[in-house]
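Q: Could you take me on a close look at one helix of this model and its surroundings? I would like to know what lies around it and how its residues are placed.

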Amino acid sequence: QGTPSESALGAGTSLRWSGSSARGLTQVARAPAKPASAGALARAPLGAACAPRAREFDAQHLSSIAWAFARLGVADRPLFDAISSAAMSRIRDFPPQALANKAWACASVGFAHAPFL
């Protein structure tokens, strides 16, 4: 399973994220986590690809993806809903740092998922 290239984020092309691994999607989400890249991440279909597969991701991947979007100020509500729902089902698997990163990410973009709180 491949990792989509970072350069494709701003290319405006239709990306095929469905075959990407959780690790690959996480790497792409974290790669452009600089404020100048926010537009590229917001336009990319990364959130739409991650949201339906959030239950497949482990605690580290969930918190890393949330962190990357929040770092850029991208409040992708469907993605944050999916990440929070997936996190609830395995909250005991979250190491303290991953839990803190996830909480910070939600607070940073003003997202509140009542069951997670």
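A: Happily; here is a walk along one helix, then across to a partner helix. Please keep in mind that this is a predicted model.

Let's start with α4, which runs over residues 59-71. α4 has 13 residues and spans 18 Å from its first C-alpha to its last, close to the 18 Å expected at 1.5 Å a residue. At the start of the helix, a side-chain oxygen of D58 comes to within 3.2 Å of the backbone nitrogen of Q60. Just after the other end, G73 has a positive phi of about 75°.

How much of α4 is covered? Mostly, it is: 10 of its 13 residues are buried. Among them are H61, L62, S63, S64, I65, F69 and A70, a list that includes polar as well as nonpolar names.

Some of these residues also belong to the largest nonpolar core, which holds 25 residues. The members that touch the most other members are L62, I65, F69, L79 and F80. Helices α3, α4, α5 and α6 each supply at least two residues of this core. As a general point, nonpolar side chains tend to be buried together in soluble globular proteins.

L62 is a good place to pause. Leaving aside residues up to four places away in sequence, L62 touches A54, F57, I83, A86, A87, R90 and F94.

Now move along to A70, also in α4. Its relative accessibility is 7%, so A70 counts as buried. With residues up to four places away in sequence again left out, A70 touches F80, W104, A105, S108 and V109. One of these contacts deserves a closer look: A70 and A105 are 35 residues apart along the chain, yet their C-alpha atoms are separated by 5.0 Å.

That brings us to α6, the helix of residues 96-108. α6 has 13 residues and reaches 18 Å from its first C-alpha to its last, close to the 18 Å expected at 1.5 Å a residue. A98, K102, A105 and C106 are buried in α6. Viewed down the helix axis, the buried residues of α6 fall within an arc of 95°, so they line one face. The cover over these buried residues includes α4 and α5. On the face turned away from the buried side, α6 carries the exposed residues P96, Q97 and A107. After α6 comes G110, whose phi is positive, near 70°.

Definitions and conventions
Residues numbered from 1 in each chain as written. Predicted model: local features only at pLDDT ≥ 70, side-chain atom pairs only at ≥ 80, totals over all residues. Heavy atoms only, no water. Core = buried A, V, L, I, M, F, W, Y, C linked by side-chain atoms within 4.5 Å. Buried < 20%, exposed > 50% of the residue type's maximum accessible area, 1.4 Å probe, protein only. Helix = DSSP H or I, 4+ residues; strand = E, 2+ residues; numbered from the N terminus. Contact = heavy atoms within 4.5 Å. Expected span 1.5 Å × (residues − 1). Polar contact = N/O pair within 3.5 Å; in protein donor to acceptor, adjacent residues only side chain to side chain. Arc of directions from axis to C-beta.
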